[in-house]
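User: Please take one part of this structure, the pairing of charged side chains, and go through it closely. Then follow it outward into its surroundings, in one connected account.

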Amino acid sequence: MVVYNLYILGKNGQSLFYREWLREQSSNLSRDEEDKLMVGLLFSLSNFAKKMSSSPGTGVFKSFNTSKYKLHYWESPTGIKLVLNTSTDVEPCHDHLSTLYHHIFIQTVVKNPLVPLTEPINSSLFVTKLDAFIKQQTFFQD
Amino acid sequence: MARQGRSGETKMEGELLALTYGAVVARVLKDYERTDEVNAQLDKMGYNIGVRIIDDFLAKNRHGRCKNMQETAEAIQSAFKQYINVQPQVGKWNDAQNSFSLTLDTNPLTSFVELPAELSRLYYCQLFCGIIRGALEMVQLETKVQIVADNLKGSNVTEIRISFVKKLVDALPVGED
């Protein structure tokens, strides 16, 4: 099982954080372009998913698979979006992403008044904790 | 003094909070001449607290999305209980059920405060309004929040009026297309 990369996107789709653990193939896009396309994909996908739902306007998509990778998605009620790409054999990790948000993002970013919530995060404490959190997950170790 | 509560969280004495907030208001009054500007500044400070505190509140309570303003009112009520340990009354709903009042019998921020006559237009607790407005804005609710009765101005209670304005929709960033 492989963890590829993680995106954190802000309320209005601005990129807050990006980290990769193993990325074999680059998308040949600039960081900025790739983030924008990711936001667009998530925006359209969640909107359409809500439209297709049995009770329209509710329901969020949690992940999608391609033959090569799996994208896990979690969004906070305040609109912060976490996106984790892994290999396809990883179990759904919706809960891990919410734990990551509640125990690491809130503690080190939201509660730190020196880290703005609309600009890319530049906090080594956050990066260290995030890295440790991902590395202790069973799907990272196997 | 800060001390560890039973839940392992850091607690703060109410008096320390009241005095600290008093010092902040006094400083803002020195920095801005007009009372209107002071109110606006306190509101802005509250707003900046609100946009962050909401995440903490949601993380601690794992609250689902509120379906109507009644649920929102209950959530705000429990937030007051949680953060400053007072239980406001929710009431005075309008006919459309989208505007209500929070009434605080005791206001921990004003324990040691007496407003001089020349500051009769100061909303001492405008910070609350900003916090509520900021927090609700982060969960896609635009609201108008104001103090309609103030225990520093002869009223028995502090009354905060919260009116729903509109539901915000997530916008895509202004991009290429």
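**Charged pairs and their surroundings**

Analyst: Lys135(A) has a relative accessible area of 38% and is therefore partly exposed. The model in which this value was computed is a predicted one. The side chain of Lys135(A) meets that of Asp131(A) in a salt bridge, with 3.1 Å from N to O, and Asp131(A), at a relative accessible area of 14%, is buried. Both residues belong to helix 3 of chain A (residues 124-135), where they lie 4 residues apart, or about one turn of the helix. An α-helix has 3.6 residues a turn, so residues three or four places apart point the same way. Side chains of opposite charge can pair when their charged atoms come close.

Elsewhere in chain A, the side chains of Arg31(A) and Asp35(A) form a salt bridge of 3.2 Å, again taken from N to O. These two residues are separated by about one helical turn, because they stand 4 residues apart in helix 1 of chain A (residues 31-52). Asp35(A) counts as buried because its relative accessibility is 6%, and the cut-off for that class is under 20%. Arg31(A), with a relative accessible area of 33%, is partly exposed.

In chain B there is a pair that reaches across the chain: the side chains of Asp43(B) and Arg133(B) meet in a salt bridge at 2.7 Å, N to O. This pair links distant parts of the chain, since Asp43(B) lies in helix 2 of chain B and Arg133(B) in helix 4 of chain B, with their positions 90 residues apart. Asp43(B) is buried, its relative accessible area being 12%, whereas Arg133(B) is partly exposed at 25%. Some salt bridges also share partners, and in this way Glu20(A), Arg23(A), Arg31(A), Glu34(A) and Asp35(A) are joined into one network. Over all chains, the structure holds 15 salt bridges.

The two helices that carry the pair in chain B also receive a further helix. The buried residues of helix 1 of chain B pack against helix 2 (35-61) and helix 4 (126-138) of that chain. The buried residues in question are Ala18(B), Tyr21(B), Val25(B) and Val28(B). Seen down the axis of helix 1 of chain B, the buried residues fall within an arc of 90 degrees, so they line one face of the helix. On the other side of helix 1 of chain B, Glu15(B), Leu19(B) and Lys30(B) are exposed. The length of helix 1 of chain B (residues 14-31) is as expected, because its 18 residues at 1.5 Å a residue should span 26 Å, and the end C-alpha atoms are 26 Å apart.

From the helices of chain B one can pass to its sheet, which is open, has 4 strands in the order 3-4-6-5 and is paired in the antiparallel sense. Strand 3 (89-91) and strand 5 (141-149) of chain B each have a single partner strand and stand at the edges, so one side of each is left without a neighbour in the sheet. From one strand to the next, the twist averages 25 degrees. Strand 4 (residues 99-104) and strand 6 (residues 158-167) of chain B are antiparallel partners over 6 bridges, and in strand 6 of chain B the bridge partner of Ser99(B) is Ser163(B). Helix 3 of chain B (residues 69-84) packs on this sheet and touches strand 3, strand 4, strand 5 and strand 6 of chain B, its direction making about 20 degrees with that of strand 4 of chain B. Helix 4 of chain B, the helix that holds Arg133(B), packs on the sheet as well, touching strand 4, strand 5 and strand 6 of chain B, and its direction makes about 165 degrees with that of strand 5 of chain B.

Returning to chain A, strand 5 of chain A (residues 81-86) is mostly covered, 6 of its 6 residues being buried. Lys81(A), a residue with a charged side chain, is one of these, and with Val83(A) and Asn85(A) it points one way from the strand, while Leu82(A), Leu84(A) and Thr86(A) point the other way. Strand 5 of chain A pairs in the antiparallel sense with strand 1 of chain A (residues 3-9) over 6 bridges, and with strand 4 of chain A (residues 70-75) over 6 bridges.

Note on methods
Residues are numbered from 1 along each chain as its sequence is written. Chains are lettered from A and ligands numbered from 1 in the order in which they are written. This is a predicted model: local features need pLDDT of at least 70, side-chain atom pairs count only at pLDDT 80 or more; totals for chains, interfaces and linings use all residues. Side-chain values use heavy atoms; hydrogens and water are left out. The expected span of a helix is 1.5 Å times one less than its number of residues. Buried means under 20% relative accessible area, exposed over 50%, partly exposed in between (1.4 Å probe, protein chains only). The arc is that of the directions from the helix axis to the C-beta atoms. Contact means heavy atoms within 4.5 Å. Two strands pair if DSSP finds at least two bridges between them. Axes are lines fitted to C-alpha atoms, for helices over the stretch in contact, and angles run from 0 to 180 degrees between N-to-C directions. A salt bridge is a side-chain nitrogen of Lys or Arg within 4 Å of a carboxyl oxygen of Asp or Glu.
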